[in-house]
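Dear colleague,

Please find the structure we discussed below. My notes on what was found in it follow directly after.

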Amino acid sequence: MKTLSIDIPEELLINFKAPRQHWKNELKKELAIQLYREGLISFGNARRLAEMRKWDFHDLLGIRKISRQYDFEDFEEDLKLISKLY
């Protein structure tokens with residue numbers, strides 16, 4: 001899988017509320033949350049970016065009071081998938 005790297009000057013993170021060894025993971029979570037909130041990536045891709053399990057990412061969204069992007073079309077697709085499985 002190809003990856004994308006961005007450079008963030010450390011002086012911009014001087015007041016970041018996480019120990020330096022956690023910066024990368026915390027920044028990936030924050031990016032994932034924001035991209036998901038804005039509808040720019042799916043839930044699955046957001047949780048993968050955040051490197052979190054499905055339910056842990058659900059919990060994080062709940063803590064942040066971010067509503068899930070799940071509409072009637074998503075529901076219909078889920079019903080179709082379920083009917084194929086059973």
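I begin with the packing of two helices, in what is a predicted model. Helix α1, which covers residues 23–37, packs against helix α3, residues 54–63, at an angle of about 70°, and their axes lie 12 Å apart. Because angles of 65 to 115 degrees count as roughly perpendicular, α1 is described as roughly perpendicular to α3. On the α1 side the contact is made by K29, A32, I33 and Y36, and on the α3 side by F57, L60 and L61.

Two buried residues help to describe this region. The first to mention is L60, a residue of helix α3. L60 has a relative accessible area of 14% and is therefore buried, the cut-off being under 20%. Setting aside neighbours within four places in sequence, L60 is in contact with K29, I33 and M52. The C-alpha atom of L60 is separated by 10.0 Å from that of R47, and these two residues are 13 apart along the chain.

The other is A50, placed in the loop between α2 and α3. With a relative accessible area of 5%, A50 is also buried. When residues up to four places away in sequence are not counted, A50 touches K28, K29, A32 and F57. Between the C-alpha atoms of A50 and I33 the separation is 8.1 Å, with their positions 17 residues apart along the chain. K29 thus appears among the contacts of L60 and among those of A50.

I turn now to the charged side chains. Side chains of opposite charge can pair when their charged atoms come close. The count of salt bridges in the model comes to five, and three of them are set out here.

One salt bridge joins R20 and E10, whose closest N and O atoms are 2.1 Å apart. Both R20 and E10 lie in the segment before α1, so this pair ties together parts that are ten residues apart in sequence. E10 is partly exposed, at 43% relative accessibility.

Another salt bridge is formed by the side chains of E51 and K28, at 2.7 Å from N to O. This pair links distant parts of the chain, since E51 sits in the loop between α2 (43–49) and α3 while K28 belongs to helix α1, 23 residues apart. The two partners fall into separate accessibility classes: E51 is exposed, with a relative accessible area of 54%, whereas K28 is partly exposed at 22%. K28 is also one of the residues that A50 touches.

A further salt bridge is found between R53 and D56, with 2.9 Å between the closest N and O atoms. R53 is exposed, its relative accessible area being 61%, and D56 counts as partly exposed at 29%.

Finally, there is a nonpolar patch on the surface. Y70, F72, F75, L79, L81, I82, L85 and Y86 form this patch, and together they have about 950 Å² of accessible area. One of these residues, I82, lies in helix α4, which spans residues 72–85. I82 has 43% relative accessibility and so counts as partly exposed, a class that lies between the buried limit of 20% and the exposed limit of 50%.

With kind regards

Key
Residues numbered from 1 in each chain as written. Predicted model: local features only at pLDDT ≥ 70, side-chain atom pairs only at ≥ 80, totals over all residues. Heavy atoms only, no water. Patch = residues over 30% accessible without salt bridge, like charges linked within 9 Å, V, L, I, M, F, W, Y side chains within 5 Å. Areas by Shrake-Rupley, 256 points an atom, 1.4 Å probe, with all protein chains shown as cover. Salt bridge = Lys/Arg side-chain N within 4 Å of Asp/Glu carboxyl O. Helix = DSSP H or I, 4+ residues; strand = E, 2+ residues; numbered from the N terminus. Buried < 20%, exposed > 50% of the residue type's maximum accessible area, 1.4 Å probe, protein only. Axes fitted to C-alpha atoms, helices over the stretch in contact; angles between N-to-C directions. Parallel < 35°, antiparallel > 145°, perpendicular 65-115°, else oblique. Contact = heavy atoms within 4.5 Å.
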